[in-house]
Amino acid sequence: MEVFYYLVFGVLGLVVAALELSKNNKDRVNTSSAFNSFKNNYLIVYSLMMAGDWLQGPYVYYLYSTYGFGKGDIGQLFIAGFGSSMLFGTIVGSLADKQGRKRACITYCITYILSCITKHSPQYKVLMVGRVLGGIATSLLFSSFESWLVAEHNKRGFEQQWLSVTFSKAVFFGNGLVAIIAGLFGNLLVDTFALGPVAPFDAAACFLAIGMAVILSSWTENYGDPSENKDLLTQFRGAAVAIASDEKIALLGAIQSLFEGSMYTFVFLWTPALSPNDEEIPHGFIFATFMLASMLGSSLASRLLARSTPRVESYMQIVFLVSGAALLLPILMTLFIAPSKVKGGGISFSGCFQLLGFCIFEACVGLFWPSIMKMRSQYIPEEARSTIMNFFRIPLNIFVCVVLYNVNAFPITVMFGMCSIFLFVASLLQRRLMMIVDKPKTNDWTPLEERNTEEDPLNI
């Protein structure tokens with residue numbers, strides 16, 4: 001493996017270690033032993049869940065290509081996953097508020113394990129079923145676990161500020177350390193042991209099964225609004241009213257959709273961007289490097305969230321600007337460096353610069369996750385938390401589906417440019433959110449037809 005990869009990985013590792021070791025009392029929050037026990041249990045489960053997800057990440061595109069599918073066919077498979085998340089995942093995820101968040105988390109495990117099993121088949125239709133199942137699982141992963149955590153945290157009477165500790169640790173371990181180990185482990189299975197690109201999916205299924213066992217044995221059930229008189233349509237209507245009546249929730253949803261849409265498009269684009277001429281690149285090692293950069297971001301986020309200033313609404317403006325600039329690098333490289341025509345070989349000179357830019361973007365991702373979790377815990381009402389969070393994913397999935405559907409129609413630089421524009425727009429919306437953050441809510445989340453059911457005591 002080229003020295004360049006080791007150099008980037010080593011520098012990032014040293015920076016992360018320095019950040020963690022240099023933390024002082026101002027960078028930490030004093031918590032209770034009961035909370036630490038609760039937090040550690042959640043971190044174990046969340047890390048296992050993320051291990052199941054991260055093991056698959058670097059090899060989805062690669063697996064489909066080894067089965068003989070071109071970029072267009074692979075794009076359609078990705079569209080199926082995001083479309084499934086938008087259509088079926090929104091419904092399944094929203095049921096968590098009524099049927100229970102623990103049940104939804106278990107459903108995630110079962111659904112994703114089935115998705116992993118389908119990867120053994122080279123048949124397009126079977127792989128399509130796997131993508132549909134994976135899309136449903138993704139919606140559950142990014143809504144049900146966080147909803148369970150926030151509800152359980154509040155039910156046990158822990159301080160609100162302590163949520164930031166769990167969020168930052170979850171991203172540091174689950175989206176950072178576990179992802180790095182998953183990337184290296186996947187690289188070991190595929191390259192060193194030569195077990196083939198399907199091996200990481202089998203390993204992922206094992207981790208998901210272990211996590212499901214921990215959930216079944218140690219988690220209690222909690223709900224959003226378990227009222228029997230509220231069907232799914234009423235829940236959707238209530239969530240829509242909450243978004244429409246509170247500008248903070250609407251802005252938060254738009255910001256999340258813009259950033260995550262760019263992030264998921266990047267997941268699809270980074271492999272062809274770094275190997276436009278079929279250069280030999282170590283997918284698992286590069287993925288681990290990206291995750292190390294994400295750890296750097298989450299380590300910075302833990303420091304920022306532990307302090308009263310700067311506020312999360314303030315510093316996230318800068319994060320979105322930097323992330324947008326980082327994704328402009330592929331465009332700049334095309335403009336100023338003549339592309340190589342040599343097939344194969346190692347990573348190109350422009351590819352090295354792009355890799356550094358992608359690491360900066362991943363550091364912004366590491367800052368984004370705990371920060372957006374913190375804002376969601378503040379602004380989204382508990383009664384419809386999972387439903388609203390899945391509503392946020394609808395425009396996200398539409399955006400990604402449109403991009404992937406036109407993957408052959410536009411050059412890769414155009415798609416990176418689109419992502420940058422959306423990130424710059426997210427920065428503007430974040431500024432608006434900061435301006436109105438102290439503005440009181442004018443309406444609650446309750447559906448319109450359920451309002452005014454009680455007599456106003458001031459109405460004489």
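## A walk through the helices

Helix 2 and helix 7 are roughly antiparallel to each other, because an angle over 145 degrees counts that way and their axes cross at roughly 175°. Keep in mind as you look around that this is a predicted model. The axes of this pair, helix 2 (residues 33-54) and helix 7 (residues 144-155), come within 12 Å. On the helix 2 side, the residues that make the contact are Phe35, Phe38, Tyr42, Val45 and Met49. Helix 7 brings Phe145, Glu146, Trp148, Leu149, Glu152 and His153. Sort the residues of this contact by class and you get 8 nonpolar, 1 polar and 2 charged.

Now for another pair. Two packed helices are described by the angle between their axes and the distance between the axes. For helix 12 (residues 283-305) and helix 15 (residues 349-379), the axes come within 7 Å and cross at roughly 40°. That makes the two helices oblique to each other, and their crossing is right-handed. Plenty of residues take part: helix 12 offers Ile286, Thr289, Phe290, Met291, Ala293, Ser294, Gly297, Ser298, Leu300, Ala301, Leu304 and Leu305. From helix 15 come residues including Leu355, Phe358, Cys359, Glu362, Gly366, Pro370 and Lys374. The class count here is 15 nonpolar, 6 polar and 2 charged residues.

Helix 15 has another partner to look at, helix 13. Their axes come within 9 Å and cross at roughly 150°, so these two are roughly antiparallel to each other. How does helix 13 pass helix 15, in a left-handed or a right-handed crossing? The crossing is left-handed. Val312, Glu313, Tyr315, Met316, Val319, Phe320, Val322, Ser323 and Ala326 are what helix 13 brings to the meeting. Helix 15 answers with residues such as Gly357, Ile360, Phe361, Cys364 and Phe368, among them also Met375, Gln378 and Tyr379. By class, the contact has 14 nonpolar, 4 polar and 1 charged residues. Leu367 and Ser371 of helix 15 are part of the contact with helix 13, and they also appear in the contact with helix 12.

Between helix 12 and helix 13 (312-326) there is a loop, and Pro310 lies in it. Pro310 is partly exposed, with a relative accessible area of 35%. Leaving out residues up to four places away in sequence, Pro310 touches Leu304 and Tyr315. You have met both already: Leu304 is in the helix 12 contact with helix 15, and Tyr315 is in the helix 13 contact with helix 15.

Another loop worth a stop runs between helix 8 (162-192) and helix 9 (199-218), and Ala194 sits there. Most residues other than glycine have a negative phi. For Ala194, though, phi is near 55°, a positive value in a residue other than glycine. Is Ala194 buried or exposed? With 59% relative accessibility, Ala194 counts as exposed.

Next, try a few residues inside helices. Tyr112 has its place in helix 5 (residues 101-118) and is buried, with a relative accessible area of 7%. Setting aside neighbours within four places in sequence, Tyr112 is in contact with Asp53, Gln56, Gly134, Ala137 and Leu208. Its C-alpha atom is separated by 9.9 Å from that of Phe201, 89 residues apart along the chain. Ser84, in helix 4 (residues 71-99), counts as buried at 2% relative accessibility. From Ser84 to Ser139 is 55 residues along the chain, with the C-alpha atoms separated by 9.1 Å.

Leu251 lies in helix 11 (residues 247-274) and counts as buried at 8% relative accessibility. Which residues does Leu251 contact, leaving aside neighbours within four places in sequence? They are Leu429, Arg432, Leu433 and Ile436. Gln430 is 179 residues from Leu251 in sequence, but 7.5 Å away in space, C-alpha to C-alpha.

Finally, the cysteines. A disulfide is a covalent bond between the sulfur atoms of two cysteines. How many disulfides does a search of the whole structure find? The search finds 0. Take Cys116: the nearest cysteine sulfur, that of Cys206, is 9.3 Å away, and a disulfide needs the two sulfur atoms within 2.5 Å, so Cys116 is in no disulfide. Cys116 counts as buried, at 1% relative accessibility. Cys419 is in no disulfide either, and the nearest cysteine sulfur, that of Cys364, is 14 Å away. Cys419 is buried, with a relative accessible area of 0%.

Note on methods:
Residues numbered from 1 in each chain as written. Predicted model: local features only at pLDDT ≥ 70, side-chain atom pairs only at ≥ 80, totals over all residues. Heavy atoms only, no water. Axes fitted to C-alpha atoms, helices over the stretch in contact; angles between N-to-C directions. Helix = DSSP H or I, 4+ residues; strand = E, 2+ residues; numbered from the N terminus. Parallel < 35°, antiparallel > 145°, perpendicular 65-115°, else oblique. Left-handed = near helix turned anticlockwise from the far one by under 90°. Contact = heavy atoms within 4.5 Å. Nonpolar A, V, L, I, M, F, W, Y, C, P; charged D, E, K, R; others polar. Buried < 20%, exposed > 50% of the residue type's maximum accessible area, 1.4 Å probe, protein only.
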